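Reader: I would like a close look at a single part of this protein. Please keep it brisk and connect it to its surroundings.

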Amino acid sequence: MGIPRDIGAIFISVLIISFAATSLDTSFRLLRYILVELGNDYKIRLLQNGNVAATVGVLVSLYLVFSTDGGKGIGSGGYVFWPLFGTTNQLLAGLSLLVITVWLKRLGRNYLPTLVPMVFVFAMTLWAMVLNIQTYFAQNKVLLYTIGSAIFVLALWMILEAVNAFRKQHTPPGDHTASL
């Protein structure tokens, strides 16, 4: 492209650093927002303050950065949660399909193209989560067992909420014949 190698390297470095900084900033903003919402929903006065919520998020992150996982060195503490990543990633896919399925149903459109893969993704993911939770319990991995169980319960709760929303009668937008 005719750009000197040194200038190109600086340009790429700035892009990578900007991406990392933006991602970090966004994740902490979302974490603060979620903690404030939890504080509001569950009347936890301390977490209702955005500064306190941000501080909690930063302190937990610092703990993970400076803790160790079985003597693997400083900064390896976050890897404790790595076994849960695959399941939570697939649950996110299932929840996305779930939201789209409910939305399509409410619009009065064909929802089968999202319902079928959603059922498959949830069935496989929840089955894998149950097997993982049993393994964590057998290996006395209390943290993974506890968080994995909580994720499992929350996923079931979301599915039940969606089933309730799915069953409710809803008038599609623009359809006013139901009110006559």
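Reader: In which helix is Thr87 found? Please start there and work outwards.

Author: Thr87 is found in helix α3. A word on confidence before going further. This is a predicted model. The protein chain has a mean pLDDT of 87. Of its residues, 91% reach 70 or more. Among the elements, helix α4 (residues 112–138) has the highest mean pLDDT, at 95. Helix α2 (residues 50–66) has the lowest, at 88.

Back to Thr87. Its relative accessible area is 7%, so Thr87 is buried. Not counting residues up to four places away in sequence, Thr87 touches Thr125, Met129 and Asn132.

Met129 is the next stop. Leaving aside neighbours within four places in sequence, Met129 is in contact with Thr87 and Leu84. Met129 also contacts Gly148, Ile151 and Phe152. Met129 belongs to the largest nonpolar core, which has 16 residues. Five residues have the most contacts inside that core: Leu84, Leu91, Phe122, Leu126 and Met129. Helices α3, α4 and α5 are the elements that give two or more residues to this core.

Now follow helix α3 itself. Leu97 also has its place there. With neighbours within four places left out, Leu97 is in contact with Thr114, Pro117, Met118 and Val121. Val142 is another matter. Leu97 and Val142 are 45 residues apart in sequence, and their C-alpha atoms are 31 Å apart in space.

Next come the aromatic rings. A search of the whole structure finds three aromatic pairs. One of them is formed by Trp82 and Phe85, and this pair is stacked. The ring centres are 5.1 Å apart, with 10° between the planes. Both residues lie in helix α3 (residues 82–107). They are three residues apart, about one turn of the helix. How accessible are they? Trp82 has a relative accessible area of 55%, so Trp82 is exposed. Phe85 has 42% relative accessibility and therefore counts as partly exposed.

Another pair is built by Tyr111 and Phe166. Their ring centres are 5.0 Å apart and their planes stand at 90°, so the pair is edge-to-face. This pair links distant parts of the chain. Tyr111 is in the loop between α3 and α4, whereas Phe166 is in helix α5. The two are 55 residues apart. Tyr111 is partly exposed, because its relative accessible area is 25%. Phe166 has a further partner. The charged end of Lys105 sits over the ring of Phe166, 5.3 Å from the ring centre.

That leads into helix α5 (residues 142–167), where Ser149 lies. Tyr145 has its place in helix α5 too. The backbone oxygen of Tyr145 lies 2.7 Å from a polar atom of the Ser149 side chain. Beyond neighbours within four places in sequence, Ser149 is in contact with Ile133. The record of contacts for Tyr145, with the same neighbours left aside, reads Ile133, Tyr136 and Phe137. Tyr145 has a relative accessible area of 31%, so Tyr145 is partly exposed. What separates Tyr145 from Ser96? Their C-alpha atoms are 25 Å apart, with the two positions 49 residues apart along the chain.Last, two loop positions. Asn140 lies in the loop between α4 and α5. Asn140 has a positive phi of about 60°, although it is not a glycine. With 63% relative accessibility, Asn140 counts as exposed. Lys43 is placed in the loop between α1 (5–41) and α2. Lys43 is not a glycine either, yet has a positive phi of about 55°. Its relative accessible area is 65%, so Lys43 is exposed.

To return to the start: Thr87 is buried, and Met129 is among the residues that Thr87 touches.

How values were computed
Residues are numbered from 1 along each chain as its sequence is written. This is a predicted model: local features need pLDDT of at least 70, side-chain atom pairs count only at pLDDT 80 or more; totals for chains, interfaces and linings use all residues. Side-chain values use heavy atoms; hydrogens and water are left out. pLDDT is the predictor's confidence in each residue, from 0 to 100. Helices (H or I, at least four residues) and strands (E, at least two) are DSSP runs, numbered from the N terminus. A polar contact is a pair of N or O atoms within 3.5 Å; within protein, one must be able to donate a hydrogen and the other to accept it, and residues adjacent in sequence count only if both atoms are side-chain atoms. Contact means heavy atoms within 4.5 Å. Rings of Phe, Tyr and Trp (its six-membered ring) pair if their centres lie within 6.5 Å; planes under 30 degrees apart count as stacked, over 60 as edge-to-face and the rest as tilted. Buried means under 20% relative accessible area, exposed over 50%, partly exposed in between (1.4 Å probe, protein chains only). A charge sits over a ring if NZ of Lys or CZ of Arg is within 6 Å of the ring centre and within 35 degrees of the ring normal. A nonpolar core is a set of buried Ala, Val, Leu, Ile, Met, Phe, Trp, Tyr and Cys residues joined through side-chain atoms within 4.5 Å.
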